[in-house]
Amino acid sequence: MKCIKAFLVISACLLAVQSTTAQQLAAKKDVLKTITLANKYFMDKWPDAGKPIFVPSRNRTWPSHIWTRAVYYEGLMALYSVDKQKAYYNYAVDWSAKHNWSLRDGIKTRNGDNQACGQTYIDLYTIDKNKTHIDSIKASVDLMLQSSKIDDWHWVDAIQMAMPVFAKLGVIYKDTNYFHRMYEMYAYTRNKHGDNGLFNAAEGLWWRDKDFDPPYKEPNGEDCYWSRGNGWVVAALVRVLSNIPKNEPHRAEYVSDYKAMMAALIPIQRNDGYWNASLHDSTNFGGKELTGTSLFVYGMAWGINNKILDRATYLPIVTKAWNAMAKESVHANGFLGWVQGTGKEPKESQPVTYDREPDFEDFGLGCFLLAGSEVYKIKR
């Protein structure tokens, strides 16, 4: 049975690659034009970078340095890395300064969502070398290092929100304690949370949290692998591997998990180029979905650019996905369609459509900018 399953997976991978070879990756100038348009729509809509976020559907207001906006700024900094527009840098600095380079709930927070803004604070520090900009995020993480607690990341989103912060601080301060604690927390999420960890090594995908590991099943009887949840892990691994030294003791394990995820995504790409919100059940709110697709494109494009993934295998997949998003998600004014709003499983923030505005539109754009900026770097 295992041999048959392996054969079917390999066959599906070959068919996926063959079906996409006819497409050509958009020219670099066109990729940049697309992500510039999407970003302009957002910046025009939010001229005040520090303005609180009011969500009418929830009749509630959040400060604008919560995780959703932090993910947008991760994407903006990725865009800035390929197109050094002063306006992008100023917008990120303005956002950071209006929050006094601080974290929601202060430095004692252990919540990865609250620490996500630190990724941009650190990126800006690498440009301006003003250490006051990273005092709060460093203090928060240092408090975690002083504790023996390692089970904070009990949902996979947290890996992306916080893990790269540890990696970046370890590089800046040349302190391997950040790398060691980062690995301990990642390994606990991978191997301990839930019944036996949230990573299913047999299928190369992650359950979002303990509520979704077996015996939980999707309507078709398959395990529940939420697209964006897996996308967060992909982004985390990419951002960690982009920062930690080549000789970091656990680098090989991160690369192995990353490659396993990339391989698992090949046979389940939709014919239209996107991935479903439920990766193994196309009948459970199936359809186009931009955020998970963007994060997978980000991961695959990065792997191609860093010669970790085979270009011949993955470039057609990236091309098909990017072309689909650029054509079918981006409105003429830059608004992004097919974005699943906040939640933790396929059924939430539905329906996902071309015209519907999600509850928070910022993090979807962040995911898209991460993808586009990495696609831009691919050699033509």
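Select Thr319 together with Gln23, Gln24 and Leu25: Thr319 is in contact with these three residues once neighbours within four places in sequence are left aside, contact meaning heavy atoms within 4.5 Å. The model is predicted, so local features need pLDDT of at least 70 and side-chain atom pairs count only at pLDDT 80 or more, while totals for chains, interfaces and linings use all residues. Residues are numbered from 1 along each chain as its sequence is written, and side-chain values use heavy atoms, with hydrogens and water left out.

Thr319 lies in helix α13; helices (H or I, at least four residues) and strands (E, at least two) are DSSP runs, numbered from the N terminus. At 2% relative accessibility, Thr319 counts as buried. The accessibility classes are buried (under 20% relative accessible area), exposed (over 50%) and partly exposed (in between), with a 1.4 Å probe and protein chains only. Add Leu315 to the selection: its backbone oxygen lies 2.8 Å from a polar atom of the Thr319 side chain.

**Arg208 and its charged surroundings**

Move next to Arg208, in the loop between β4 (205-206) and α10 (227-241). Is Arg208 buried or exposed? Its relative accessibility is 11%, so Arg208 counts as buried. Display the side chain of Asp157 as well, since it makes a polar contact with the side chain of Arg208 at 3.1 Å. A polar contact is a pair of N or O atoms within 3.5 Å; within protein, one must be able to donate a hydrogen and the other to accept it, and residues adjacent in sequence count only if both atoms are side-chain atoms. Beyond neighbours within four places in sequence, the contacts of Arg208 are His154, Trp155, Val156, Asp157, Leu198, Trp226, Gly343 and Lys344.

Extend the selection to Asp157, Arg208, Asp209, Lys210, Asp211 and Lys344, which are linked in a network of salt bridges. A salt bridge is a side-chain nitrogen of Lys or Arg within 4 Å of a carboxyl oxygen of Asp or Glu. By this rule the count comes to 25 salt bridges.

**Three further salt bridges**

Select Glu361 and Lys45, whose closest N and O atoms are 2.8 Å apart in a salt bridge. This pair links distant parts of the chain, 316 residues apart: Glu361 is in the loop between α13 (311-328) and α14 (362-377), and Lys45 is in helix α2 (residues 28-45). Glu361 is buried, at a relative accessible area of 16%, whereas Lys45 is partly exposed at 36%.

Then display Lys29 and Asp30, which form a salt bridge with closest N and O atoms 3.3 Å apart. Lys29 is exposed, with a relative accessible area of 62%; Asp30 counts as partly exposed at 31% relative accessibility.

For the third, choose Arg270 and Asp272, whose side chains meet in a salt bridge at 2.6 Å, N to O. Arg270 counts as partly exposed at 22% relative accessibility, and Asp272 counts as partly exposed at 21%.

**Helices α9 and α11**

Show helix α9 (residues 176-191) with helix α11 (residues 251-265): their axes come within 12 Å and cross at roughly 35°. Axes are lines fitted to C-alpha atoms, for helices over the stretch in contact, and angles run from 0 to 180 degrees between N-to-C directions. Met182, Tyr183, Tyr186 and Arg190 of α9 make the contact with Glu253, Tyr254 and Asp257 of α11.

Centre the view on Tyr254, which lies in helix α11 and counts as buried at 0% relative accessibility. Not counting residues up to four places away in sequence, Tyr254 touches Met163, Met182, Tyr183, Tyr186, Leu237, Val240, Leu241, Ile244 and Glu248.

**Helices α6 and α14**

Turn to helix α6 (residues 117-128), where 9 of the 12 residues are buried, so the helix is largely enclosed by the rest of the structure. Against which helices do the buried residues of α6 pack? They pack against α3 (67-82), α4 (86-98), α5 (112-115), α7 (135-145), α8 (157-172) and α10. Just after α6, select Lys129, whose phi is positive, near 60°.

Finish at α14, of whose 16 residues 15 are buried, so this helix too is largely enclosed by the rest of the structure. The end C-alpha atoms of α14 are 23 Å apart, which agrees with the 22 Å that its 16 residues should span at 1.5 Å a residue; the expected span is 1.5 Å times one less than the number of residues.
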